[in-house]
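Okay, thanks for making time, everyone. Today I'd like to walk you through the salt bridges, so let's put the structure up.

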Amino acid sequence: MVKQISVFLENKSGRLAEATEAIGESGVNIRALSVADTSDFGILRCIVSDTEKTLKVLKERGFTASATEVVAAEVPDSPGGLAGMLQMLQENGINVEYLYAFVTKSRDNAVVILRVENNEGAIALLEKGGIKTLSEEEANNL
């Protein structure tokens, strides 16, 4: 499993830039990210090279931030690769709440971040199905 940072952002100009600037100035590298928004607020979700340092610097700058465990999985970088993995999860009753892609590839595969109802069950199922999941260290060092 991998730790993901979630940052609550007021939906106003420059707030996303302020958050990413704070992370960058602390010397932490953002490895993957996703931004979801509504008319009132947004949520920045990211995988970073140093989770604890990121939480500390964001909170010092007045952001509401927390860490959540997610699954990082290598998916064949070919047509249908993602669909096959998602079908495997669906057939085994594991709901995917959301997912987003990594900034870089791992070897010849794409890497996706998955938020699921059952991390341990998803990891066991994916690995049984031949899909490599990444440890936090592996994901942070891609």
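So, salt bridges: the count here comes to seven. Keep in mind that this is a predicted model. I'll go through some of them.

Let's start with Glu52 and Lys3, whose side chains meet in a salt bridge, at 4.0 Å from N to O. Glu52 is in helix H2, residues 51–60, while Lys3 is in strand E1, residues 2–10, so this pair ties together parts that are 49 residues apart in sequence. As for Lys3, its relative accessibility is 29%, so we call it partly exposed.

Next up is Arg61 with Glu25. Their closest N and O atoms are 2.7 Å apart. Again, distant parts of the chain get linked: Arg61 sits in the loop between H2 and strand E4 (64–76), and Glu25 belongs to helix H1, residues 15–25, with their positions 36 residues apart. And how accessible are the partners? Arg61 has 40% relative accessibility, which makes it partly exposed. Glu25 is at 53%, and that counts as exposed, because the cut-off is over 50%.

Now over to the strands. Arg115 pairs with Glu97, and here the closest N and O atoms are 3.8 Å apart. Arg115 comes from strand E6, residues 109–116, and Glu97 from strand E5, residues 96–101, so the salt bridge ties together parts 18 residues apart in sequence. Arg115 is partly exposed at 23% relative accessibility, and Glu97 is partly exposed too, at 45%.

One last thing to find on your screens: which residues are linked in a network of salt bridges? That would be Glu10, Arg15 and Glu18.

Conventions
Residues numbered from 1 in each chain as written. Predicted model: local features only at pLDDT ≥ 70, side-chain atom pairs only at ≥ 80, totals over all residues. Heavy atoms only, no water. Helix = DSSP H or I, 4+ residues; strand = E, 2+ residues; numbered from the N terminus. Buried < 20%, exposed > 50% of the residue type's maximum accessible area, 1.4 Å probe, protein only.
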